[in-house]
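I opened this entry to log what I looked up, going from strands to empty space to surface.

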Amino acid sequence: MSKPVSSFKLHLRAVATGLKYLLFPNRITVYYPEEYVEPPEGYRGLIRYYPERCIQCGLCAMICPASAMKMYRTKTDRKGRPGVNYQRCIFCGFCVDICPQNALEMTKVHDVAYESLNELVVPPERFSQEPVSPAVAGGARRLKTVFDEERGLRHELA
């Protein structure tokens, strides 16, 4: 048996809630990819490799707790150069920290999408390319997150 009066009150409350958020939006999300939240300093995004600095010591591959970093040998390199498997990488940054020549660097890029799992395995040739955020490449507005006493977190232009 339905209760039309109590049901009507619930509908009115739902409509009022919808109107409240329509008239006074308090959202924390952004319109990605038109807007892009700039990650803070120290953010651990994709890793960039600088082959000209690398001494091919292999410490990055040895310390990787997830076995994501691997040394790839070519016919010209006897020791090998690092590549990464982003299927396994936990972005701990141990490989970056242990590199004695600063040949690895954490970037702020985190929003790259891949079409297949094979693309997540990055050999040294692709590992040395600068990762590019598709939103930034598309001209997204850069935003930064700031703390607001009344509202909590909000975004403003970076």
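**Strand pairing**

I began with a single residue pair: Val84 has Val122 in S6 as its bridge partner. I note here that the model is predicted. Val84 belongs to a contact between strand S4 (residues 81–85) and S6, which are joined by 2 bridges and run antiparallel.

I then looked up the sheet around this contact. It is open and has 3 strands, in the order S3-S4-S6, with antiparallel pairing. Strand S3 (69–72) and strand S6 (121–122) are its edge strands, each pairing on one side only. For my own reference, strands of a sheet pair through backbone hydrogen bonds, either parallel or antiparallel.

Next I went to S7. I found strand S1 (residues 35–37) joined to strand S7 (residues 141–148) by 3 bridges, and the two run parallel. Within that contact, Tyr36 has Arg142 in S7 as its bridge partner. S7 is also joined to strand S8 (residues 152–157), here by 6 bridges and in antiparallel fashion. In this second contact I noted Leu143, which stands opposite Leu157 in S8. S7 and S8 make a hairpin, and 3 residues lie between them.

**Cavities**

How many cavities of 30 Å³ or more are there? I counted 2.

The largest cavity has a volume of about 80 Å³. Its lining takes in 15 residues, and those nearest its centre are Cys54, Cys57, Cys60, Cys99 and Ala103. By class I logged 12 nonpolar and 3 polar residues in this lining, with no charged ones.

The second largest cavity comes to about 70 Å³. Val84, the residue I started from, is in its lining, along with others including Ile47, Met69, Ile90, Phe91 and Cys92. Cys64, Cys89 and Cys95 are also among the lining residues. The split for the second largest cavity is 11 nonpolar, 1 polar and no charged.

**Pockets**

I looked up the open spaces next. The largest pocket has a volume of about 240 Å³. Val122, the bridge partner of Val84, is one of its lining residues. The lining of the largest pocket also includes Leu46, Ile47, Tyr86, Val112, Tyr114 and Phe127. Ile47 therefore needs two entries in my list, as I log it under the second largest cavity and under the largest pocket, a lining residue being one with an atom within 4 Å of a point. What is the make-up of the lining of the largest pocket by class? I logged 9 nonpolar, 1 polar and 2 charged residues.

The second largest pocket has a volume of about 160 Å³. Its lining consists of Glu41, Gly42, Tyr43, Arg44, Cys92, Gly93, Val96, Asp97, Met106 and Lys108. Cys92 and Gly93 line this pocket and also the second largest cavity. By class, the lining of the second largest pocket has 4 nonpolar, 2 polar and 4 charged residues.

**Surface**

Last, I checked the outside for a nonpolar patch. I found one on the surface, formed by Val15, Leu19, Leu22, Leu23 and Phe24. Together these residues have about 570 Å² of accessible area. I placed one of them, Val15, in helix H1 (residues 4–23).

Methods: Residues numbered from 1 in each chain as written. Predicted model: local features only at pLDDT ≥ 70, side-chain atom pairs only at ≥ 80, totals over all residues. Heavy atoms only, no water. Patch = residues over 30% accessible without salt bridge, like charges linked within 9 Å, V, L, I, M, F, W, Y side chains within 5 Å. Areas by Shrake-Rupley, 256 points an atom, 1.4 Å probe, with all protein chains shown as cover. Salt bridge = Lys/Arg side-chain N within 4 Å of Asp/Glu carboxyl O. Helix = DSSP H or I, 4+ residues; strand = E, 2+ residues; numbered from the N terminus. 1 Å grid on protein atoms, 1.4 Å probe; cavity = no way out; pocket = protein on both sides within 12 Å on 5 of 7 lines; lining within 4 Å. Points joined across faces, edges and corners; volume = space filled by probe spheres on them. Nonpolar A, V, L, I, M, F, W, Y, C, P; charged D, E, K, R; others polar. Pairing = 2+ DSSP bridges.
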